[in-house]
Amino acid sequence: MRTTTSTEAASPALSPASLLHLIWLASPALPVGGFSYSEVLEAAIDAGLVNGEAQAADWLVEQLHLTLARSDLPVIAQVLRAWRRGDTTCIRALNSWLLQTRESAELRLQTEQMGRSLREWLRHLPGADATALDFAATLEPSYPVMYALCAAGPMQAQSDARADAGTGNAGERDVLLAYAFGWAENMMQAALKAVPLGQTSGQRILARLATEIPAAVEHALQLPDQDRQAYSPMLAILSSRHETQYSRLFRS
């Protein structure tokens, strides 16, 4: 039975440069447009399913465990290894699977737009892996797959020839933690705008998500391939409703 499990327990500590690159990748300031999406949270608020801080936190915690931990996060772990070993067949298959799991037009457009933007961002960095980027250009991009490419190690500064200058020595657990926290920050900001909530409420939501993320990542790392799935019918229904919602702040 093949799983996403790796030798994470023996992974060395990140170098300062690698740690900073992961923080960079997780930043909501990364120019990929993540701030313009609520990933259905806005539709849940419009439907009366989320009315305040506690319900917003509950919604996001459930989304973390029921969707990210069972689909995007385990795929990132697998595709990270595939980028590092140059397995283009595996990368293409995982990218296709991710695109097929986006059950509404909005969610599909989100992952494609953010993936395309992240690919172009990486292309303009010094030292980017030209061969990997040429292959990435042949894909209809998904954001998790492009994120894994960025984390796989092609971000190495030209002025620094050390092996640890990029994210090449970042373990799967570290990459997944960074991805999940970046998602949590974006979703917290969406809750602030759409509920709406104050900054202190937002920080409490983020604190709760931060306590839940390690368990979600561990689940993703141990998940067998046959159990990977993206079955979230309420998310798909609300996303479809959001496409024709009368008033919207977000693109999803």
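Buried means under 20% relative accessible area, exposed over 50% and partly exposed in between, calculated with a 1.4 Å probe and protein chains only. The structure shown is a predicted model, in which local features need pLDDT of at least 70 and side-chain atom pairs count only at pLDDT 80 or more, whereas totals for chains, interfaces and linings use all residues. Residues are numbered from 1 along each chain as its sequence is written, and side-chain values use heavy atoms, with hydrogens and water left out.

**Overview: the chain is built with eleven helices and zero strands.** Helices (DSSP runs of H or I, at least four residues) and strands (E, at least two) are numbered from the N terminus. The order along the sequence is α-α-α-α-α-α-α-α-α-α-α. The chain holds 252 residues, and 54% of them count as buried. Of the contacts (heavy atoms within 4.5 Å) between residues at least 6 apart in sequence, 82% join residues at least 24 apart. The accessible surface amounts to about 11,300 Å², with 56% belonging to carbon and sulfur atoms; the areas come from the Shrake-Rupley method with a 1.4 Å probe, and for residues only the protein chains shown count as cover.

**Close-up of the helix pair α9 and α10, whose axes come within 9 Å.** Two packed helices are described by the angle between their axes and the distance between the axes. Helix α9 spans residues 172-194 and helix α10 spans residues 199-222, and their axes cross at roughly 150°. Axes are lines fitted to C-alpha atoms, for helices over the stretch in contact, and angles run from 0 to 180 degrees between N-to-C directions. Angles under 35 degrees count as roughly parallel, over 145 as roughly antiparallel, 65 to 115 as roughly perpendicular and the rest as oblique. Helices α9 and α10 are therefore roughly antiparallel to each other. Their crossing is right-handed, a term for a near helix turned clockwise from the far one by less than a right angle, with anticlockwise giving left-handed. The residues in the contact of α9 with α10 comprise 18 nonpolar, three polar and four charged. Here Ala, Val, Leu, Ile, Met, Phe, Trp, Tyr, Cys and Pro count as nonpolar, Asp, Glu, Lys and Arg as charged, and the others, Gly among them, as polar.

**Close-up of A184, a residue of helix α9.** A184 has a relative accessible area of 1% and is therefore buried. Beyond residues up to four places away in sequence, A184 touches L206, L209 and I213. L206 lies 22 residues from A184 along the chain, and the C-alpha atoms of the two are separated by 6.6 Å.

**Close-up of the loop between α9 and α10, with P196.** The peptide bond that leads from V195 to P196 is cis, and its omega is near -10°.

**Close-up of helix α4 (residues 72-85) packed on α10.** The two helices pack at an angle of about 55°, and their axes are 8 Å apart. This angle makes α4 oblique to α10. The crossing of α4 past α10 is right-handed. From α4, the contact is made by L73, P74 and A77, and from α10 by A216, V217, A220 and L221. The classes are seven nonpolar, no polar and no charged residues.

**Close-up of E39 and V40 in the loop between α1 and α2.** E39 is not a glycine, yet has a positive phi of about 50°. V40 likewise is not a glycine and has a positive phi of about 85°. With a relative accessible area of 16%, E39 is buried; V40 is buried as well, at 1%.

**Close-up of the buried residues of helix α11 (residues 233-242).** These residues are L235, A236, L238, S239 and H242. They pack against α2 (41-46), α3 (53-66) and α6 (105-123).

**Close-up of S142 in the loop between α7 (130-136) and α8 (143-151).** S142 has 0% relative accessibility and so counts as buried. Its contacts, not counting residues up to four places away in sequence, are N95, L98, L99, T111 and G115.

**Close-up of A137, in the loop between α7 and α8.** A137 counts as partly exposed because its relative accessibility is 43%. Neighbours within four places in sequence left aside, A137 is in contact with R119 and R123. E120 is 17 residues from A137 in sequence, and the C-alpha to C-alpha distance between them is 9.4 Å.
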